[in-house]
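User: Please walk me through this structure with short questions and answers.

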Amino acid sequence: MKLVVQVKLLPTPAQAAALEATLQACNEAASWVGEVAFERGEFKNFALRKHTYGQVKDRWRLGAQATQHVIKKTCDAYATLKGNLKAGNLGRPGSKRYRRATEKPIAFRPQGAQPYDDRMLSWQTTERTVSIWTTGGRMKHVAFTTSPEQLATLALYRKGESDLLERDGMWFLNAICEVPAAPLNNDPVDFLGIDLGIANIATTSDGQIMAGRELNRGRLRERSLRAKLQKKNTPSAKRRMQKRRRKEARRARDINHKIAKHVVAEAERTGRGIALENLTGIRERVRLRKPQRATHSSWSFAQLGAFIAYKARKAGVPVVHVDPAYTSRTCAECGHIDKANRVSQALFVCRNCGFVDHADRNSSRNIRARAWELWRRGVESTAPAPPGNPRMGLDANAASPPVMLVVQDQDLVPDS
């Protein structure tokens, strides 16, 4: 399976200037290739090379490999745009968002990521340095840093391209690694149901509740601070906003990694599979009041699900996605479905049999039961399938040290 290991480069000022010039040249060339592709209606890699290869190589002084990667990057961008349009991710045909995406050529940011292959980049993992191509020539002995676990993954499993990118003045290389996955457990003893939510990020059918209070308070604090700084609009306020950008996303990502690691480890230890809700399209289906929209939009359920899926695939744990309809209204004991069963956000009381439980734990038990039924019918695990483009952020943090989770008591009220 493919994972991405991100290492931080530690270039000298002269090396950083060379890397910056390289990214600017490659992205300027890619934007020009995007204009040519748009004008000619030609979006295939080899066909587009006939119209752009020579000019890109001469005008921006790029090497042969860099020129080919620039053209391929542009074609991949148009392929992604076509996929998003087909999936309806950019609105309906004729809508303002749809027209804005299709009526002009694709352009690249000056600091956009640039792919490198083994002819443009070589790794010296023992010395923790890389030799990398730039527009000013080959640059050797560029230092990098990473954790010992990720360094070992790089040395053993690195295969394929790496992406050079700059973010907030820092330089990174994202290296693709082919990590062996454990054999899939085709005979799980049961399933571990996971109910995903906003108040409680994840609740297992065992009764463990990963509370979201700390994360939600942090998001509210960041949102309030951004509003104050935007209203102030002074140079110092702008500098502070620039410094804090992405902080909320990094915090949420770290928490999701920890929860996913804990869930997969528990399922692997007990020989069970993992049952998740299929929440695709929930933002389009649910109507919310205005005060709830920001919180709902920042809910990173898809990221947590993707982290669980790829960590489970690495550990050989099967994953089954189930229909979440009525799981919060159905009694896990007698199966009675009633909207009134959900007394509050935290309390479930069955109107038929009187069963009392934490609402999220009751939902997770229903999810577990549905997954077990689907598995008995022969449904296949979603864990063996790749969780998407590995460049989209699935990194090798599975090797990070053990973490502490916020776990509450199992039941709000003891079972009757």
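The turns below go from the whole chain to helix pairs and then to one helix.

User: What kind of model is this, and how are residues numbered?

Analyst: This is a predicted model, where local features need pLDDT of at least 70, side-chain atom pairs count only at pLDDT 80 or more, and totals for chains, interfaces and linings use all residues. Side-chain values use heavy atoms, with hydrogens and water left out, and residues are numbered along each chain as its sequence is written, from 1.

User: How many helices and strands does the protein chain have?

Analyst: Helices (H or I, at least four residues) and strands (E, at least two) are DSSP runs, numbered from the N terminus. The count for the protein chain is twelve helices and 14 strands.

User: What share of the 416 residues is buried?

Analyst: Buried means under 20% relative accessible area, exposed over 50%, and partly exposed in between, using a 1.4 Å probe and protein chains only. In the protein chain of 416 residues, the buried share is 43%.

User: Is Thr52 buried or exposed?

Analyst: Thr52 sits in helix 2, residues 45-59. Its contacts (heavy atoms within 4.5 Å) include Trp32 and Ile71. The relative accessibility of Thr52 is 0%, so Thr52 counts as buried.

User: Which term describes how helix 1 is placed relative to helix 2?

Analyst: Axes are lines fitted to C-alpha atoms, for helices over the stretch in contact, and angles run from 0 to 180 degrees between N-to-C directions. The axes of helix 1 (residues 13-40) and helix 2 cross at roughly 155° and come within 10 Å. Angles under 35 degrees count as roughly parallel, over 145 as roughly antiparallel, 65 to 115 as roughly perpendicular and the rest as oblique. Helix 1 is therefore, relative to helix 2, roughly antiparallel.

User: Which term fits helix 8 and helix 11?

Analyst: Helix 8 (residues 247-270) packs against helix 11 (residues 301-315) at about 40°, with axes 9 Å apart. That angle makes helix 8, relative to helix 11, oblique.

User: How far apart are the end C-alpha atoms of helix 12?

Analyst: The expected span of a helix is 1.5 Å times one less than its number of residues. Helix 12 (residues 359-376) has 18 residues, so it should span 26 Å. The model agrees, with the end C-alpha atoms apart by 26 Å.

User: Which strands do the buried residues of helix 12 pack against?

Analyst: Buried residues of helix 12 include Ile367, Ala371 and Trp375. The buried residues of this helix pack against strand 8, strand 9, strand 11, strand 12, strand 13 and strand 14.

Technical notes: Lists of a residue's contacts leave out its neighbours within four places in sequence.
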